[in-house]
Amino acid sequence: MGSFARVKWWKLTRLLPAGFKGKYHVPYKTALLIGGVTILAASITGCISYQSVRRLIINNLERNALLEVRERGNKIDRWLGTRKAEIEILANTPPVRSMNWSVAEPYLKSEVIRLQEFQHFALIDPDGSYFTTKVGRALINVSDRQHFKKAMAGEVYVSDPTISRTLKQQSIVPISAPVWPNSANPIYKTAQKPIGVMNGVISLDRIAEVVGKLEYGAGTYAFVLNSQGVPIVHPDARLMGNIDKPAPSLLESADANLANVAREMVYQKTGILLTKINDTRVYVAYLPLEQAEWSIALVIPRNNLEKQLLPFNILAAAAAVLAAAAIFAAIAALKLFALNSIRTRTEALLHRLTGRIRACLHLDRILQTTVDELGTLLQLDRAIFGWYDPRQDTLEFCWEYCREGLPGRLGIFGVAGGPSGDLAARLHRYETIVLYKTAAPDATASGEPVHIELTNSHYAAVPVLTQTNRLGYLFACASRRFATPDEVEVLEAIADSLAIAISQSQLHGQIQEELKLLEEVLAKLRRTEEHLVQSEKMTVVGQLAAEVAQEINNPINFIYGRLIHLNDYIKDLLKILRLYREQYPEPGPQIAKEIEVCDLDFISQELPQILNLLKIGADRIRQIVLALWKFSLPDEANKEHANLNESIDNILLLLARRLEQKILVVKEYHNLPPILCYPGQLSQVFASLISNAIDAVNSLENSAQIITIKTDIVEDSTGRFIAVSIAHNGARIPPEIQHRIFDQSGHTKSFKDFTRLELSVCYKIIVELHGGRLTVESPVQSQMKSQTGGGAEFLVKLPII
C-alpha cells in the first residue's frame, strides 16, 4: 500500500477535473484528429485494393479450374466418341450387314472380348426383334426404345440409361448405329433405309467410373444430367433416374441454388459459379458433352480453389497488423506525452495525501484530513466519511468536506420509509438514492427535512472495513460524471490506506482496553484459584467418604447375606422342635425342666422377630452406605444418564439426621425420564439447596417447618425441561440480595458441611455445564403457608436431550 501512488498514478489522472488537464487537451485532440483522418483514408484505400486484387486472383483461379474441367470433360467426350465409332464400324462389317445371326454371332462375340468396354452386342431386326451375344434370340421387342428409333432414322445415338430387358435389374447405356444394306443389293439400294440396328451395351457403372475420374482435389465430386435435368450419374444414388425408373428433375429441386445450376446445364451452357449447396459454399464448373445429350458438372469445395489465396491473405494480415501496431504506437506516444506532463504533480499530490493520512494517530484528524484532501485534489462537491449501521440500515456521516456554498450534511441518514435492509447493496450498485436525516450529532431539530441525493454516475461509495469489522464508507460526489471502474479502483486504494490508518489509531485504545481486561482476568483467576482450593478439599473429602463407604459396605454385605441364611436355619430348627413336641408331648423330667427354665415358647416367638429387626437394620445401613458412595463418586469425563428422583432421595437419606422428626419433607415427584448429566455435580447442587432450606426452617420456633420438593416436566418456547423445585417456609431472602445471590462474592460454607456449595458454584454447574437455568423466588407465590411471610423457592431447569 505504501507504493500505490507510484503504481496507479496514471489512473488518478482520469479523476482529475478538466480545468487541471485542459491545457494539455487541445494539441492532443488536434493530433488525434489528424491521425484519425489519415488512418481512415489509408484503411479505406487498403480495403479497396485488397478486394480488387483478391477478385482478380479468384477470377484467374476460376478460369484455370474451368479449363481443367473442360479438358477432363473432353476426355469423357472422346471416350464416348470412341465407343460410338466402334459400334458404327461394327455395323458396316460384312457379318453384321448379312443380318444373319448365325454368321454374325461368332464375330460379335470375339469383338466383345477384344473391345472389353461393352457388356454385349445385339443385332436388331427392323421389326424390333433381336439377337444378343448373351442369350441368343431374345423373346422381347425393343421397337419402342429411343435408341432403336434413332438408329433406324440413320443416326448413331447414345441413349440415356435404361434397365436391360435381357439382363433384368441392370442399368445400362445402349449405343446404337444403323446397319446399311450392301450397295450390290438391288432391293434396298434405292430405298436407302437401314436394314437393321447394331447395338452395344455399356454398364452404367462403367460410365460412373469414367465420370468419377473427374476431380479437383479432396472433397470434389462430379455428376451428369440428361436433357431433362435428371441425374444419371451422381454420388447420391437416391437422386439418380433412368428411362424405366424416372427420378425428380433437379430443375424442381427445393434448393434454389441447385436448381439454378441444373437450369444452366440443361441449357447446354458452360461456366463456373460460387454458390451454396447443402449449406456449404462450393464452386460448380459445368459444360455440355458433344457425344450425348448430357451435361457434366464438377463440385469443388471453396477451400480447394481459394487455398492459393492463403499467401496473399497472410501478407495482407501481416500488413494490417503492422499498420495497427503503428497506429496504436502513435496513439500511445501521444497519450504518454499528455500524461507525462501531469505525472509529476499527480505523484506529489498522492504522496502528500497518503503521508498526511498515516502521519496522525488521532481518528478524528485522520478522517477529516482524508475528506479534505480528497475533495480538494479531485475538486469534488462533497467528500464524506460515515459509518454504516446494518441493524438500522442507516449511515452516520461524521466527517465531511463540501464545496463552498453547499450546506453540511452531518448526522444519521436513512432511506425514506424506514430500514429496508438493502442500503449497502444499492450503494455497491451505485443506484440513485435519496437519504433523509433521522438524527444529528448535536440533537438540534430542523424545520425542513434535510436530505442528500446520491445520483447514479455522479458519486462513488467505497467500503472501508476496519479490524474491528466496523464498516465505513468513503463517499465522493461531483456534479460531473464520476465513478468509472478506474476511478473507483483509485478510491479503493485510498480507502485501503485509510483503513490501515484507522487501525493504527484504534490500536492504542485496544491496548488500553486489553490491559484493563487483563486486570479483570487476573482478579477472576485469583477468585478461581480460591475456588479450586475449596474444590480440591471437597474432592479429598469425597474420596475419603467413598473409601469409608466401601470399607463399611463389605462387612455389612457379609452380615446381610448371612442373616438370610440364619433366618432359614432357625426356621428349620423351630420346625423340627415343633415336630418333636408333637411326636413326644411328654418329654423326660430333665428336658421338661430345661424347657421351663429357658422359656422355650417365648424364644420360639421372639427369635424370628429379632432376626427380622436385624435384617431391617442391616438393610438401612446398606442404603445409607450406598447413598454416601453414589454422592461421593467422582463424575466421568463424559455425561451419563441419571434419574433425578433417585438422586434427590439419596441426598435426603444422607441428610436424615439433620431433618429429624420436626421437619416435614413434602415430596411431589412425577415420572421423569433419565437425563444426560454429571450426576455427582447435580447431587452436590441439590444437597446444597436442601441444606440451605434446612438452615432456613430451623430458624422457625413456633411454627411448622416444611420443605417441599417437586419434580416435573415443563415446556416453553425454547424446548422441554425437567424442573426441580426446592421450597421452604422459612425466612425470606431480602430483595437487595436476590439479584446478586449467585455472584461469587458470597461467603464460602464451613468445611465441615462438605455437602454444601456456594450458590455461585451451583449456578455455574446448572447453567454452564448443563445449559440449564437456576432461579430464586422470595417470598414464595404458592399455597405454602409461612408465618414469617416469606419463604423461598429455588427452581432448577435442565434441558431434556
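In which loop, between which two strands, does Asp279 lie? Asp279 is found in the loop that runs between strand S10 (271–277) and strand S11 (280–288), where helices (H or I, at least four residues) and strands (E, at least two) are DSSP runs numbered from the N terminus. The model is predicted, so local features need pLDDT of at least 70 and side-chain atom pairs count only at pLDDT 80 or more, while totals for chains, interfaces and linings use all residues. Residues are numbered from 1 along each chain as its sequence is written, and side-chain values use heavy atoms, with hydrogens and water left out.

Asp279 counts as exposed, at 72% relative accessibility, on a scale where buried means under 20% relative accessible area, exposed over 50%, and partly exposed in between (1.4 Å probe, protein chains only). Ser159, in the loop between strand S4 (157–158) and strand S5 (162–163), is buried, with a relative accessible area of 2%. Leaving aside residues up to four places away in sequence, Ser159 touches His147, Val173, Pro174, Ile243 and Trp294, a contact being heavy atoms within 4.5 Å.

Trp294 also belongs to the largest nonpolar core, which has 52 residues, and is one of those with the most contacts inside it, together with Phe121, Met198, Ile207, Val211 and Ile296. Such a core is a set of buried Ala, Val, Leu, Ile, Met, Phe, Trp, Tyr and Cys residues joined through side-chain atoms within 4.5 Å. Helix H3 (residues 18–91) supplies the largest share of this core, eleven residues. Apart from this core lies another, of 48 residues, including Phe397 and Ala499.

Some backbone values can be set side by side.

| Residue | Phi |
|---|---|
| Met99 | near 55° |
| Asp279 | near 60° |
| Gly771 | about 65° |

Met99 sits in the loop between helix H4 (94–97) and helix H5 (101–115), and Gly771 comes just after helix H21, which covers residues 759–769 and has among its buried residues Leu759, Val761 and Ile765. Further along, a cis peptide bond, with omega about 0°, joins Ser778 and Pro779, and Pro779 is in the loop between strand S25 (773–777) and strand S26 (792–799).
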